[in-house]
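I opened this entry to keep a record of what I looked up, item by item, for someone who has not met this structure before.

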Amino acid sequence: MVQYALYYLGDCYLKTNNKSAARNAFGKASRMDFDPGIKEDALFSYAKLSYKLKFDRDALIALQRFKSGSKYYMEAQEIMSDIFLNTRDYARAMKVLEDMPNKTPQLREAYQKVAYFRGQQLYKEGDQTSAKEHFEKSLDTPIDKKYKALATYWLGDIAHNKKQYNESKR
C-alpha cells in the first residue's frame, strides 16, 4: 500500500508542478519491492526527473538499471546519451560508456562524440598523445560522419605537429 501511495503522491506532485517532491516520492517508491511494475515505473519517473532537475549522477545510476527487456530501455538509453553529451565531464562519460555492454546505436553515437570531445579537451591541455588515443576511439565508432571527419582532421594535425608527414596525409 505504501509503494502505491508514494507512486501516486509523486504523480500528484507532478500535476502540481512540484518536480522535486515528485522526484523524492518516485525515488522512495522505486526502492520498494512489493509491485515490480510500480517499482519500474517509479524508477523511470525518478530517473527522468533527476535528469530534468540536473541530478545527472542520480539519473545515470537509475537509468543504468534498465535492462534490454524493459519497456523503458530505449528511452533510458537516449536520456543517457543526452546526459553524456551535456555534462562535459567527458572523462567520466568515457568510463561509464566503456563499461556498458551491448550499446544501442544511440549510445555508440554518444561514445563517438564523447571520445571526440574528450580528445579536444586533451588537445587543448597540450596532451597530444592522449588526444590522439581518443580521436582514434572516436573513429572506431564512425556513426556520425561529421565527427568522423573532425577526428580524422585532428589526427592529421597531431601527426603534422610531430612531423610525421606521411601519417598526416591520411
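**Two helices that cross**

I began with helix H1 (residues 2–15) and helix H3 (residues 36–52), whose axes come within 10 Å and cross at roughly 35°. I noted that the model is a predicted one, and that the crossing of H1 and H3 is left-handed. I then listed the residues that meet there, and found Gln3, Tyr4, Tyr7 and Leu14 on the side of H1, with Ile38, Lys39, Asp41, Ala42 and Leu49 on the side of H3. Sorted by class, the residues of this contact between H1 and H3 come out as six nonpolar, one polar and two charged.

**The cavity**

Next I asked how many cavities of 30 Å³ or more a search of the whole structure would find. The search gave one, and I wrote down about 40 Å³ as the space in the largest cavity. Its lining is made by Leu60, Ile83, Phe84, Thr87, Asp89, Arg92, Ala93 and Val96. The elements that give two or more residues to this lining are helix H5 (73–87) and helix H6 (90–99). By class, I recorded five nonpolar residues, one polar residue and two charged residues around the largest cavity.

**Helix H6**

I stayed with H6 and looked up which of its residues are buried, and the list reads Tyr90, Ala93, Met94, Val96 and Leu97. Ala93 and Val96 also appear in the lining of the largest cavity. I followed the buried residues of H6 outward, and they pack against H5, helix H7 (105–124) and helix H8 (128–140).

**The largest pocket**

I turned from the cavity to the largest pocket, for which I noted a volume of about 200 Å³. The pocket is lined by 13 residues, and those that lie nearest its centre are Gln64, Phe66, Tyr73, Met100 and Pro101. The largest share of the lining, three residues, comes from H5. When I sorted the lining of the largest pocket by class, I had seven nonpolar, four polar and two charged residues.

**Gln77**

My last item was Gln77, which is found in helix H5. Is Gln77 buried or exposed? I put Gln77 down as buried because its relative accessible area is 2%, whereas the cut-off for buried is under 20%. Leaving aside its neighbours within four places in sequence, I found Gln77 in contact with Met100, Thr104 and Leu107. Of these, Met100 had already come up among the residues nearest the centre of the largest pocket.

Conventions:
Residues numbered from 1 in each chain as written. Predicted model: local features only at pLDDT ≥ 70, side-chain atom pairs only at ≥ 80, totals over all residues. Heavy atoms only, no water. 1 Å grid on protein atoms, 1.4 Å probe; cavity = no way out; pocket = protein on both sides within 12 Å on 5 of 7 lines; lining within 4 Å. Points joined across faces, edges and corners; volume = space filled by probe spheres on them. Helix = DSSP H or I, 4+ residues; strand = E, 2+ residues; numbered from the N terminus. Nonpolar A, V, L, I, M, F, W, Y, C, P; charged D, E, K, R; others polar. Buried < 20%, exposed > 50% of the residue type's maximum accessible area, 1.4 Å probe, protein only. Contact = heavy atoms within 4.5 Å. Axes fitted to C-alpha atoms, helices over the stretch in contact; angles between N-to-C directions. Left-handed = near helix turned anticlockwise from the far one by under 90°.
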